[in-house]
Amino acid sequence: MAFHPQLRLVDAPAALFQEAADEFTRRALAAVERNRRFTVALSGGSTPKGLYSLLATSDPSRLPWDRMFFFWGDERHVPPDDPQSNYRMAFEALLSKVPVPATNIFRIAAENPDAKRAAENYEQTLRNFFHPAPGQFPVFDLILLGMGGDGHTASLFPESMALAEKIRFVVANRVEQFKTERLTLTLPVLNHGAMVLFLVSGPDKAPALREVLEGNQPGERYPSKLIRPSQGELMWLVDQAAAADLAKRPR
Ligand code: 6PG
């Protein structure tokens, strides 16, 4: 079956964050309308900060914060107050500034020195919340993803072990280039998202974006290529700088 991700090109980072905030709001309102709740897996790194800050400064009454439930797509193997923590970044940029109940925030407890146990614990958290049937996977209303210059997404790095995971929801993934473990949702979970939204900004992402969207390298070498939601939608929100190498640029 042909696969057609939506590609939305905006001029500059500010427009990217505004477009992402509008999409986030649309999805949240629709999910709460339909299911009385909105579940989102947040991405880490630096790009999403612009989106989180925008959501934090918009009129809080626009969103049903008490019906919104926050998870993470991945986490560094550090405590929550570490400058590297994806939880800390999202908490400081957004969650500490909006009226979301603390009980709606499900961070990955990455302070556990045993990364494998931390992954198992987060998987249990997901099972307790989503109650997937045996053999099924949690379905997030929205999964936010970024893409590294090497084509990684979440903490699914090129040629890393986690790429082969077909059963578990969360794994500890050894990332050789950083000589560290990372905790990450696995491809089955990411590909069960109802809506997967990549935010990609900046010239350093242009070569990888061209390869991911137009190249024929294997997905193991550019893991963002392996994000192909089975039922859900996939949207790439990219700015001009990141799209500079694309042959097919949307008008
Ligand atoms: C992380 C993210 C990671 C990130 C990309 C892009 O934990 O860092 O999950 O996948 O999205 O590395 O990062 P930037 O947006 O900072 O370029």
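Modeller: Buried means under 20% relative accessible area, exposed means over 50%, and partly exposed lies in between (1.4 Å probe, protein chains only). This is a predicted model, where local features need pLDDT of at least 70 and side-chain atom pairs count only at pLDDT 80 or more, while totals for chains, interfaces and linings use all residues. Residues are numbered from 1 along each chain as its sequence is written, and side-chain values use heavy atoms, leaving out hydrogens and water.

Colleague: OK, so what does Arg 174 count as, going by relative accessibility?

Modeller: Its relative accessibility is 38%. That lies between the 20% and 50% cut-offs, so Arg 174 counts as partly exposed.

Colleague: Which residue forms a salt bridge with Lys 179?

Modeller: A salt bridge here is a side-chain nitrogen of Lys or Arg within 4 Å of a carboxyl oxygen of Asp or Glu. For Lys 179, which is exposed at 61%, the closest N and O atoms are 3.4 Å apart, and the partner is Glu 176.

Colleague: How far apart are Glu 23 and Arg 27 in helical turns?

Modeller: Both sit in helix 1 (residues 13-35), a DSSP run of H or I with at least four residues, numbered from the N terminus. They form a salt bridge, with the closest N and O atoms 2.9 Å apart. Because they are four residues apart in that helix, the separation is about one helical turn.

Colleague: And how many salt bridges does the structure hold?

Modeller: Some join up: Arg 8, Glu 19, Glu 23, Arg 26, Arg 27 and Glu 233 are linked in a network. For the structure, the count is 16.

Note on methods:
Helices (H or I, at least four residues) and strands (E, at least two) are DSSP runs, numbered from the N terminus.
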